[in-house]
Amino acid sequence: MQGKVIAGRSVVDESMLTGESLPVFKEEGLLVSSGTVNWGGPLRIEASSSGSSSTLSKIVRMVEDAQAREAPIQRLADSIAGPFVYTIMILSATTFAF
């Protein structure tokens, strides 16, 4: 859920969304998002969006998409790693044998 402050003043901890460690001052007319923590005082909020259109939902969707795809460099590393490991094992065994 996202909303607009229609009454009140407070400081809001947005660190879950932005990573910013300091709370942000919110007053009438400013936007707030779900996943934030109100620390200072009461806020009256008018919801402007909820569900799949909220910032938190968009972040979750982007993370899921990123985890589902494999990067091209990762495919290259995987294709090299298999033969490389077997080659090193054979060289090690040969060295140990002699």
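Which strand holds serine 10? Serine 10 lies in strand S2, residues 10–13. Before following that strand, some ground rules. This is a predicted model, in which local features need pLDDT of at least 70 and side-chain atom pairs count only at pLDDT 80 or more, while totals for chains, interfaces and linings use all residues. Residues are numbered from 1 along each chain as its sequence is written, and side-chain values use heavy atoms, with hydrogens and water left out.

Start with the whole chain. There are three helices and six strands. Helices (H or I, at least four residues) and strands (E, at least two) are DSSP runs, numbered from the N terminus. Along the sequence the pattern reads β-β-α-β-β-β-β-α-α. The radius of gyration is 25 Å, well over the 13 Å that the globule rule gives for 98 residues, so the chain is more spread out than a compact globule. That radius is taken over C-alpha atoms, and the rule is 2.2 Å times the number of residues to the power 0.38. The C-alpha trace spans about 80 × 25 × 15 Å along its principal axes.

Of the 98 residues, 12% count as buried. Buried means under 20% relative accessible area, exposed over 50%, and partly exposed in between, with a 1.4 Å probe and protein chains only. Contacts (heavy atoms within 4.5 Å) often link distant parts of the sequence. Among those with a separation of 6 or more, 62% come from residues 24 or more positions apart.

Now the open sheet. Its three strands have the order S4-S1-S6, with antiparallel pairing. Strands S4 (31–33) and S6 (43–49) stand at the edges with a single partner strand each, so one side of each is left without a neighbour in the sheet. Neighbouring strands are turned by 40 degrees against each other on average, direction ignored. Two strands pair if DSSP finds at least two bridges between them. Six bridges join S1 to S6. One residue pair shows the match: lysine 4 has glutamate 46 as its bridge partner in S6.

Glutamine 2 lies in strand S1, residues 2–8. Which residue, 31 places away along the chain, has its C-alpha atom 4.4 Å from that of glutamine 2? It is serine 33. The side chains of glutamine 2 and serine 33 also make a polar contact of 3.4 Å. A polar contact is a pair of N or O atoms within 3.5 Å; within protein, one must be able to donate a hydrogen and the other to accept it, and residues adjacent in sequence count only if both atoms are side-chain atoms. Beyond four places in sequence, glutamine 2 also touches other residues, including Val32, Glu46, Ala47 and Thr55.

Return to S2. This strand runs antiparallel to strand S3 (residues 24–26), with three bridges between them. Serine 10 has lysine 26 as its bridge partner in S3. Two bridges join S2 to strand S5 (residues 37–38), again antiparallel. There, valine 12 is matched with asparagine 38.

Is serine 10 buried or exposed? Serine 10 is buried, with a relative accessible area of 4%. Its side chain makes a polar contact of 2.2 Å with the side chain of asparagine 38. The serine 10 side chain also reaches the backbone nitrogen of glycine 41 at 3.0 Å. Leaving aside neighbours within four places in sequence, serine 10 is in contact with several residues, among them Val24, Phe25, Trp39, Gly40 and Leu43.

Definitions and conventions:
Axes fitted to C-alpha atoms, helices over the stretch in contact; angles between N-to-C directions.
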